[in-house]
Amino acid sequence: AQLFPARVIASGHIAAVPDSLREFFNTAPVFDRDGRWFSQYPIGGPYLMSLGVVLGAPWLVNPVLFAVATLAFFTTLRRASPKIARGAILLWLTSPMVLAMAGSQMNHVPALFFAITAFSEMYIGFQRPELMVLNAAICGLSLGAMATIRPFDAALVGIVIGATHVAASMRDRKRWKMLAVEAVAAAVPVALLLLANARTTGGAFTFGYDALNGPEHGLGFHVDPNGDDHTLLRGIAISSGYLMRLSLFLFEWPVPGVLVIALGLWLVREPSPWATALAAVAG
């Protein structure tokens, strides 16, 4: 379901023509609608993978993005604290969860790449005001590109970065310009995402997930696409399960991974805006 739309895009189209014997070719997250055959996933991830398809190595895209993201992650943290940067990159490169995901073809990796780029440019913009507009443009483009891959993740990251800028703008009015530039830059990839939606599902704000599963796929407490009643209690139970899996599989240590994160946050006595933003997005 990730590679199929990448192959379609590499052929120069945004959707394929359904086969006449579609029951032999269709799979759960890939469907045809009004003569268009496409995946449920937003266009950004498949577009990046299509570059690998053109080169004959779609498996190479995520490892390359992960390598660049790792470099950006380390260099940005090093500007803040060389000691923390060395410790963080050691945890980063020894996390089985991180390495396994980096070797996959899942869209989490390009989303992570753009999230790290956005945070990196935000940090540089705070440290070097003369580059503020340029950094804001790159940060905004990164957030917009992330939205074309994993929209809800991009929204959460965007809220944190936006709130950080709003707080800084209260002290320095010049930074309102940075926030405005980011918003305009982010709107460009988002507009392409909405255009891709219109060309596939038929509605700019109708995503493949919703076209496939119906309104039951939306946020909130209601009956889910499988017919189960998604209640607040069930939501808490699922979230608890996610945290337990994160504790087990983030580092695969005897010490829970979430405990390590909590301890790190507790040790930060006087957090900078940068540290506060990182803690907020982790939360």
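**Surface, core and ring pairs of a predicted chain**

Reader: What share of the area that the protein chain exposes do carbon and sulfur atoms supply?
Author: This is a predicted model. The protein chain exposes about 16,000 Å². The part of it supplied by carbon and sulfur atoms is 69%.

Reader: How many helices and how many strands does the protein chain have?
Author: Take the strands of the protein chain: there are 2. The helices number 13. The answer is 13 helices and 2 strands.

Reader: Why does the radius of gyration of the protein chain agree with that of a compact globule?
Author: The chain has 283 residues. A compact globule of that length would come near 19 Å, so the chain agrees. Along its principal axes the C-alpha trace spans about 65 × 45 × 40 Å. The radius of gyration of the chain itself is 20 Å.

Reader: Of the contacts between residues at least 6 apart in sequence, what share joins residues at least 24 apart?
Author: Burial first: 39% of the 283 residues count as buried. Now the contacts between residues at least 6 apart in sequence. The share that joins residues at least 24 apart is 60%.

Reader: How far apart are the centres of the positive and negative side chains?
Author: The protein chain carries 19 positive side chains and 16 negative ones. Each set has its centre. The two centres are separated by 14 Å.

Reader: Which residues do ring pairs link into a cluster?
Author: The whole structure holds 8 aromatic pairs. One of them joins Phe-25 and Trp-37, edge-to-face, with centres 6.5 Å apart and planes at 80 degrees. Phe-25 sits in the loop between helix H1 (3-10) and strand E1 (30-33) and Trp-37 in strand E2 (residues 36-39), so this pair ties together parts 12 residues apart in sequence. Ring pairs link three residues into the cluster: Phe-4, Phe-25 and Trp-37.

Reader: Is Trp-37 buried or exposed?
Author: Its partner Phe-25 has a relative accessible area of 45%, so Phe-25 is partly exposed. The cut-off for buried is under 20%. Trp-37 has 14% relative accessibility, so Trp-37 counts as buried.

Reader: How do the rings of Phe-113 and Phe-114 pair?
Author: Both residues, Phe-113 and Phe-114, are buried. Their ring centres lie 5.0 Å apart. The planes stand at 70 degrees, and over 60 counts as edge-to-face. So the pair is edge-to-face.

Reader: Which residues is Phe-113 in contact with, leaving aside neighbours within four places in sequence?
Author: Phe-113 lies in helix H6. Its relative accessible area is 16%, so Phe-113 is buried. Leave aside neighbours within four places in sequence, and the contacts of Phe-113 are Leu-65, Val-68 and Ala-69.

Reader: Which residues is Ser-120 in contact with, leaving aside neighbours within four places in sequence?
Author: Ser-120 lies in helix H6 (residues 108-127). With 7% relative accessibility, Ser-120 counts as buried. Leaving aside neighbours within four places in sequence, the contacts of Ser-120 are Ala-72 and Thr-76.

Reader: What covers the buried residues of H1?
Author: The residues buried in H1 are Leu-3, Pro-5, Ala-6, Val-8 and Ile-9. Their cover includes a strand and a helix. These are E2 and helix H2 (44-55).

Reader: Which residue with a positive phi follows H1?
Author: Look just past H1. The phi there is near 95 degrees. The residue is Gly-12.

Definitions and conventions:
Residues are numbered from 1 along each chain as its sequence is written. Side-chain values use heavy atoms; hydrogens and water are left out. Helices (H or I, at least four residues) and strands (E, at least two) are DSSP runs, numbered from the N terminus. The radius of gyration is taken over C-alpha atoms; the globule rule is 2.2 Å times the number of residues to the power 0.38. Buried means under 20% relative accessible area, exposed over 50%, partly exposed in between (1.4 Å probe, protein chains only). Contact means heavy atoms within 4.5 Å. Accessible areas come from the Shrake-Rupley method with a 1.4 Å probe; for residues, only the protein chains shown count as cover. Lys and Arg count as positive and Asp and Glu as negative; His and the chain ends are not counted. The place of a charge is taken as NZ of Lys, CZ of Arg, CG of Asp or CD of Glu. Rings of Phe, Tyr and Trp (its six-membered ring) pair if their centres lie within 6.5 Å; planes under 30 degrees apart count as stacked, over 60 as edge-to-face and the rest as tilted.
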